[in-house]
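Here is a short report for a reader meeting this protein for the first time. Please look over the sequence and the model before reading on.

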Amino acid sequence: MTFKNVNRKRLVIRLILIILLVVLGFGLYYIGKEHEVLLDNKTVDIGGKSYEAAKFMVVTVDGKEDKSIELYADDRDVVKVSGPSHKIKVDIVNEDTEQVIKSVERSFNFGTDPKVMISLPALAEDAPDVYLPLPAAYDPDAVSEVAPSPPAEEAPKTEIPAIVE
C-alpha cells in the first residue's frame, strides 16, 4: 500500500460523505418544508363547471379536530402545514341543526409549492381539479401595480471656490 493509494481512498470516502450530506439536506428540506394552504369557500368555475359555495362548513386538516376551521360562504382562511402530504376533510353542516350533510376527505401532496389555494366547494363535489390560482397578494410572480417612486432629490450643489495661485 503506497501513500498515493491511501490519499485516493480518503478522497473517495470524503466525496461519498459530502454527497450523502447533500442528499440528506435535500431530503430534510422536502420533509420539513412549510406550506401555506388557502382554503377558499367561494363560488368558482373550474374547467367549465360551476361549484356553489356552501353556506357553512367545517374543515379539518390532517385529522386535527381541535384545530378545525369553520367557514361560511365567501370565506377564505389560511392554514400552515409542514411536510409534503396532508389530508383535508370538509364537512358541510346545517348551521341550525349542526347536522353533517356531506363529508369528503382527500389527500394532497403539495411537493415543494410554498403556497396553494384549494376550492372547498370543488373538493366537496369531488372535482378532479380543486386548485385555484393564487390571489395577487399571495402570488410572488404577479406584476405589481405600484406607482413608480418619485426621483430622489438631489443634494443642493454648493460651489467650491476655485483656488487661485
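The report goes from the whole chain to the sheet, the core and a few single residues.

**The chain as a whole**

This is a predicted model. The protein chain has an average pLDDT of 85, and 82% of the residues score at least 70. Residues 143-149 fall below 50, and this stretch has zero contacts in the model beyond near neighbours in sequence. Where pLDDT is low, the predicted coordinates should not be read in detail.

The protein chain holds two helices and 10 strands. Along the sequence they follow the pattern α-β-β-β-β-β-β-β-β-β-α-β. Of the 165 residues in the protein chain, 29% are buried. Contacts in the protein chain with a separation of 6 or more can be split by distance along the sequence: 57% of them link residues 24 or more positions apart. The protein chain exposes about 12300 Å², and carbon and sulfur atoms supply 56% of that area.

**A four-stranded sheet**

One open sheet has four strands in the order β6-β1-β9-β10, and its pairing is mixed. Which strands stand at the edges? They are β6 and β10. Each has a single partner strand, so one side of each is left without a neighbour in the sheet.

Inside this order, β1 and β9 pair in the parallel sense over five bridges. One bridge partner pair is V37 and V116, the latter in β9. On the other side, β9 and β10 run antiparallel and are joined by two bridges. There M117 stands opposite L132 in β10, and I118 has Y131 of β10 as its bridge partner.

How enclosed is β9? Four of its five residues are buried, so β9 is largely enclosed by the rest of the structure.

V81 sits in the edge strand β6. Is V81 buried or exposed? Its relative accessible area is 7%, so V81 is buried, the cut-off being under 20%. Leaving aside neighbours within four places in sequence, V81 is in contact with K33, E34, H35, V37, V61, D62, H86 and F110. The C-alpha atoms of V81 and E34 lie 5.6 Å apart, although 47 residues separate the two in sequence.

**The nonpolar core**

The largest nonpolar core contains 29 residues. Those with the most contacts inside it are V37, L39, M57, I88, V90 and L120. Many elements contribute: β1 (34-41), β2 (44-46), β4 (56-61), β5 (69-72), β6 (75-82), β7, β9 (115-119) and α2 (120-124) each supply at least two residues. The largest share, four residues, comes from α2.

I88 shows how such a residue is surrounded. Not counting residues up to four places away in sequence, I88 touches V37, L39, V59, T60, V61, V104, E105, R106, F108, I118 and L123. V37 thus appears in the contacts of I88, in those of V81, and in the pairing with V116.

**Three loop residues**

The next residues lie in loops. The table gives their places and relative accessible areas.

| Residue | Loop | Relative accessible area |
|---|---|---|
| D74 | between β5 and β6 | 54% |
| E95 | between β7 (85-94) and β8 (99-109) | 42% |
| D126 | between α2 and β10 (131-132) | 53% |

Why does D74 count as exposed? Its relative accessibility is 54%, and exposed means over 50%. D126, at 53%, is exposed for that reason too. E95, at 42%, is partly exposed because this value falls between 20% and 50%.

D74 and D126 also have a backbone feature to look for. Phi of D74 is near 65°, a positive value in a residue other than glycine. D126 is not a glycine either, and its phi is positive at about 55°.

E95 has contacts with residues far from it in sequence. Not counting residues up to four places away, E95 touches F56 and Y72. The side chains of E95 and Y72 make a polar contact at 3.2 Å. K55 is 40 residues from E95 along the chain, and their C-alpha atoms are separated by 8.1 Å.

Definitions and conventions. Residues numbered from 1 in each chain as written. Predicted model: local features only at pLDDT ≥ 70, side-chain atom pairs only at ≥ 80, totals over all residues. Heavy atoms only, no water. pLDDT = per-residue confidence, 0-100. Contact = heavy atoms within 4.5 Å. Buried < 20%, exposed > 50% of the residue type's maximum accessible area, 1.4 Å probe, protein only. Polar contact = N/O pair within 3.5 Å; in protein donor to acceptor, adjacent residues only side chain to side chain. Core = buried A, V, L, I, M, F, W, Y, C linked by side-chain atoms within 4.5 Å. Areas by Shrake-Rupley, 256 points an atom, 1.4 Å probe, with all protein chains shown as cover. Pairing = 2+ DSSP bridges.
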